[in-house]
Amino acid sequence: MEYNQGYMPGEVVYVIIRNPHVQGVANVQEAAVVADPNHAGDLALFLYDTYYPLTEEVAVYRSEQEAEFAYQSVFGDSEEADFHG
């Protein structure tokens with residue numbers, strides 16, 4: 001399923017990633033938009049040496065500031081939150 005919303009391979013974007021090992025901890029992480037090596041014609045996010053499908057289910061932000069604002073809106077300013085990736 002192709003979903004690109006105008007993203008181009010090589011573009012740097014930001015996503016909010018939850019820590020799967022620590023409940024309630026998330027951070028803003030930089031990711032690269034790349035051609036999906038598993039699905040020709042689709043795009044993927046390359047993050048932590050792993051390809052993630054770029055789908056409408058992933059909240060992608062074009063700037064770190066935009067991602068940080070969204071993070072604050074969802075998670076607030078908790079001392080326990082790991083804010084930056």
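Me: What makes A31 count as being in contact with another residue, and which residues does A31 touch?

Reply: Contact means heavy atoms within 4.5 Å, and, leaving aside neighbours within four places in sequence, A31 is in contact with E11, V12, V13, L45, F46 and L47. The model is a predicted one, in which local features need pLDDT of at least 70 and side-chain atom pairs count only at pLDDT 80 or more, while totals for chains, interfaces and linings use all residues. Residues are numbered from 1 along each chain as its sequence is written, and side-chain values use heavy atoms, with hydrogens and water left out.

Me: Why is A31 said to belong to a nonpolar core?

Reply: A nonpolar core is a set of buried Ala, Val, Leu, Ile, Met, Phe, Trp, Tyr and Cys residues joined through side-chain atoms within 4.5 Å, where buried means under 20% relative accessible area, exposed over 50%, and partly exposed in between (1.4 Å probe, protein chains only). A31 is counted with Y7, V13, V15, V33, L43, L45, L47, L54 and V60 in the largest such core, ten residues in all. Strands β1, β2 and β3 each supply at least two residues of this core, and β3 gives the most, with three.

Me: How do you know that β1 and β2 are paired, and what is the order of the strands in the sheet?

Reply: Strands (E, at least two residues) and helices (H or I, at least four) are DSSP runs, numbered from the N terminus, and two strands pair if DSSP finds at least two bridges between them. Seven bridges join β1 (residues 12-18) to β2 (residues 26-35), so the two strands, which run antiparallel, are a pair. Within this pairing, V15 stands opposite Q29 in β2. The open sheet of five strands has the order β4-β3-β2-β1-β5, and its edge strands, β4 (50-53) and β5 (60-61), each pair on one side only.

Me: Why is D36 described as having no salt bridge?

Reply: A salt bridge is a side-chain nitrogen of Lys or Arg within 4 Å of a carboxyl oxygen of Asp or Glu, with Lys and Arg counted as positive, Asp and Glu as negative, and His and the chain ends not counted. D36 is buried, but the nearest side chain of opposite charge, R62, is 17 Å away, so the 4 Å limit is not met. D36 lies in the loop between β2 and β3 (43-47), where, not counting residues up to four places away in sequence, D36 touches D42, L43 and A44.
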